[in-house]
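I opened the notebook to go through one model from its surface to its charged contacts. The entries follow the order in which I looked things up.

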Amino acid sequence: MPRRQDPQFPPQALVQPGLPRSTVWSDGGCLHPTDPLLARAAWGLRCEALEQCNWGGPVQGKQTAQRAEVSAAVAALRAVGGPIDLASDS
């Protein structure tokens, strides 16, 4: 059975371990983190090796900056089919 595509993240890249290392910059943040009704978290990333690698999106579930940072890291791993150096401030 095919895996359902998660619209929150970039499409899964074909894994190619022989590719050269690529740098991916990621970030996540949350607006109004102390107010559960107003909190809104989002993530973003930029890839060195891919032409069309400028993704971002909202965080699903609980809205925290930490979840946004992890979402960005997951998106980076999905987007690049080879080894990466992940640059993050978290």
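**Entry 1: surface and burial.** Accessible areas here come from the Shrake-Rupley method with a 1.4 Å probe. The model is a predicted one. With that method I get an accessible surface of about 6,200 Å² for the protein. Of this surface, 57% belongs to carbon and sulfur atoms. I then looked up burial: 33% of the 90 residues count as buried.

**Entry 2: elements.** I listed the secondary structure next and found one helix and four strands. Read from the N terminus, the order of elements is β-β-β-α-β. I also looked at contacts with a sequence separation of 6 or more: residues 24 or more positions apart account for 57% of them.

**Entry 3: the sheet.** In what order do the four strands lie in the sheet? I read β3-β2-β1-β4, in an open sheet with mixed pairing. The edge strands are β3, residues 54-58, and β4, residues 84-87, and each of them pairs on one side only. Neighbouring strands of the sheet are turned against each other by 20 degrees on average, with direction ignored.

I went through the pairings one by one.

- β1 and β2 are antiparallel, with eight bridges.
- β2, residues 40-47, and β3 are antiparallel as well, with five bridges.
- β1 and β4 are parallel, with four bridges.

As background, strands of a sheet pair through backbone hydrogen bonds, either parallel or antiparallel.

**Entry 4: bridge partners.** For the pairing of β1 with β2, I noted Cys-30 opposite Ala-41 and Trp-25 opposite Arg-46. Trp-25 also has a bridge partner in β4, namely Ala-87. On the side of β3, Gly-44 stands opposite Gly-56, and Leu-45 has Trp-55 as its bridge partner.

**Entry 5: faces of the strands.** In a regular strand the side chains alternate between the two faces of the sheet. I checked β1, residues 22-31, for this pattern and found that its side chains alternate. Ser-22, Val-24, Ser-26, Gly-28 and Cys-30 point to one face and are buried. Thr-23, Trp-25, Asp-27, Gly-29 and Leu-31 point to the other face and are not buried.

Which residues make up the covered face of β2? I found Ala-41, Trp-43, Leu-45 and Cys-47 there, while Arg-40, Ala-42, Gly-44 and Arg-46 form the uncovered face. Thus Cys-30, from the buried face of β1, stands opposite Ala-41, a residue of the covered face of β2.

**Entry 6: the core.** I searched for nonpolar cores, and the largest has 17 residues. Val-24, Trp-43, Leu-45, Cys-47 and Val-80 have the most contacts inside this core. The elements that give two or more residues to the core are β1, β2 and α1. Of the elements, α1 gives the most, with five residues.

**Entry 7: Ser-71.** Is Ser-71 buried or exposed? I put it down as buried, because its relative accessible area is 10% and the cut-off for buried is under 20%. Ser-71 is found in helix α1, residues 65-79. Leaving out residues up to four places away in sequence, Ser-71 touches Gln-8, Phe-9, Trp-43 and Val-59. Of these contacts, Trp-43 is one I had already noted on the covered face of β2.

**Entry 8: Lys-62.** Lys-62 lies in the loop between β3 and α1. I classed Lys-62 as exposed, because its relative accessible area is 62% and exposed means over 50%. Lys-62 and Arg-40 are 22 residues apart in sequence, and their C-alpha atoms are 8.9 Å apart in space.

**Entry 9: charged pairs.** Side chains of opposite charge can pair when their charged atoms come close. How many salt bridges does a search of the whole structure find? I got one. The side chains of Asp-85 and Arg-21 meet in a salt bridge, with 2.8 Å from N to O. Asp-85 lies in strand β4 and Arg-21 in the segment before β1, so the pair ties together parts 64 residues apart in sequence. As for accessibility, Asp-85 counts as partly exposed at 36%, and Arg-21 is exposed, with a relative accessible area of 52%.

Methods
Residues numbered from 1 in each chain as written. Predicted model: local features only at pLDDT ≥ 70, side-chain atom pairs only at ≥ 80, totals over all residues. Heavy atoms only, no water. Buried < 20%, exposed > 50% of the residue type's maximum accessible area, 1.4 Å probe, protein only. Contact = heavy atoms within 4.5 Å. Pairing = 2+ DSSP bridges. Axes fitted to C-alpha atoms, helices over the stretch in contact; angles between N-to-C directions. Core = buried A, V, L, I, M, F, W, Y, C linked by side-chain atoms within 4.5 Å. Salt bridge = Lys/Arg side-chain N within 4 Å of Asp/Glu carboxyl O.
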